[in-house]
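The briefing below goes through one protein model by topic, for a reader who has the sequence and the coordinates at hand.

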Amino acid sequence: MKIQEMKSGISHLHKKADDLGRDNVFEMRPVSGALTEIDLPDILTGELAEPRWSVVSFEQREAGGLTYKQAADLLSELDANDISGLCIITDEAAARMRG
């Protein structure tokens, strides 16, 4: 697939959900290499719990102002819907993106 053919995530989620049929709308596919709970120092978990994370795709900022767990959950959902070029960055970094 060429980059020009890739679509943004949030704006196209409803189209993908319509294709799945009503019975499968909330079914989540397992994501390989899914994040698991790990023990982190308090200084890191505090930062991860702050609503300062964004999910971005090739085309745009998909969502912002999320905790890291919320961002990871959204990233998994968008990835399960074949949205490409996803990553989690800080809101500060996302604000500097062009577009």
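**Helix H3 and the sheet beside it in a predicted model**

At 1.5 Å a residue, the 13 residues of helix H3 (residues 68-80) should span 18 Å, and this agrees with the end C-alpha atoms of the helix, which are 18 Å apart. The model is predicted, and the protein in it has four helices and three strands. From the N terminus on, these elements run in the order α-α-β-β-α-β-α.

**Overall make-up**

- Of the 99 residues in the protein, 26% are buried.
- Where contacts in the protein join residues at least 6 apart in sequence, 60% of them link residues that are at least 24 apart.

**Helix H3 and the loop after it**

- Ala 71, Ala 72, Leu 74, Leu 78 and Ala 80 are the buried residues of H3. As general background, an α-helix has 3.6 residues a turn, so residues three or four places apart point the same way.
- Gln 70 has its place in helix H3, and because its relative accessible area is 41%, Gln 70 counts as partly exposed.
- Just after H3, Asp 82 takes a positive phi of about 60 degrees, and this residue is found in the loop between H3 and S3. In general, most residues other than glycine have a negative phi, whereas Asp 82 is a residue other than glycine with a positive value.

**The three-stranded sheet**

- Three strands form an open sheet in the order S2-S1-S3, and the pairing is antiparallel. S2 and strand S3 (87-90) stand at the edges with a single partner strand each, so one side of each is left without a neighbour in the sheet. On average, neighbouring strands of this sheet are turned by 25 degrees against each other, direction ignored.
- Strand S1 (residues 53-56) pairs with strand S2 (residues 61-66) in the antiparallel sense over three bridges, and a hairpin of four residues joins S1 to S2.
- S1 also pairs with S3, again in the antiparallel sense, and here the pairing runs over four bridges.
- Two residues of S1 show how the strand is placed between its partners, beginning with Trp 53, which stands opposite Leu 66 in S2 and opposite Thr 90 in S3. Val 56 has Arg 61 as its bridge partner in S2, and in S3 Val 56 stands opposite Cys 87.
- Both faces of S1 are covered, since Trp 53 and Val 55 on one side and Ser 54 and Val 56 on the other are all buried. As general background, the side chains in a regular strand alternate between the two faces of the sheet.

**The surroundings of Trp 53**

- The structure holds one aromatic pair. Trp 53 and Tyr 68 form this pair, which is edge-to-face, with 5.1 Å from centre to centre and 90 degrees between the planes. Because Trp 53 lies in strand S1 and Tyr 68 in helix H3, the pair ties together parts that are 15 residues apart in sequence.
- The two partners differ in accessibility: Trp 53, at 10% relative accessibility, counts as buried, whereas Tyr 68, with a relative accessible area of 27%, is partly exposed.
- The ring of Trp 53 also has a charge over it, as the charged end of Arg 52 sits there at 5.6 Å from the centre of the ring.
- Gln 70 and Trp 53 are 17 residues apart along the chain, and their C-alpha atoms are separated by 8.7 Å.

Definitions and conventions: Residues are numbered from 1 along each chain as its sequence is written. This is a predicted model: local features need pLDDT of at least 70, side-chain atom pairs count only at pLDDT 80 or more; totals for chains, interfaces and linings use all residues. Side-chain values use heavy atoms; hydrogens and water are left out. The expected span of a helix is 1.5 Å times one less than its number of residues. Buried means under 20% relative accessible area, exposed over 50%, partly exposed in between (1.4 Å probe, protein chains only). Two strands pair if DSSP finds at least two bridges between them. Axes are lines fitted to C-alpha atoms, for helices over the stretch in contact, and angles run from 0 to 180 degrees between N-to-C directions. Rings of Phe, Tyr and Trp (its six-membered ring) pair if their centres lie within 6.5 Å; planes under 30 degrees apart count as stacked, over 60 as edge-to-face and the rest as tilted. A charge sits over a ring if NZ of Lys or CZ of Arg is within 6 Å of the ring centre and within 35 degrees of the ring normal. Contact means heavy atoms within 4.5 Å.
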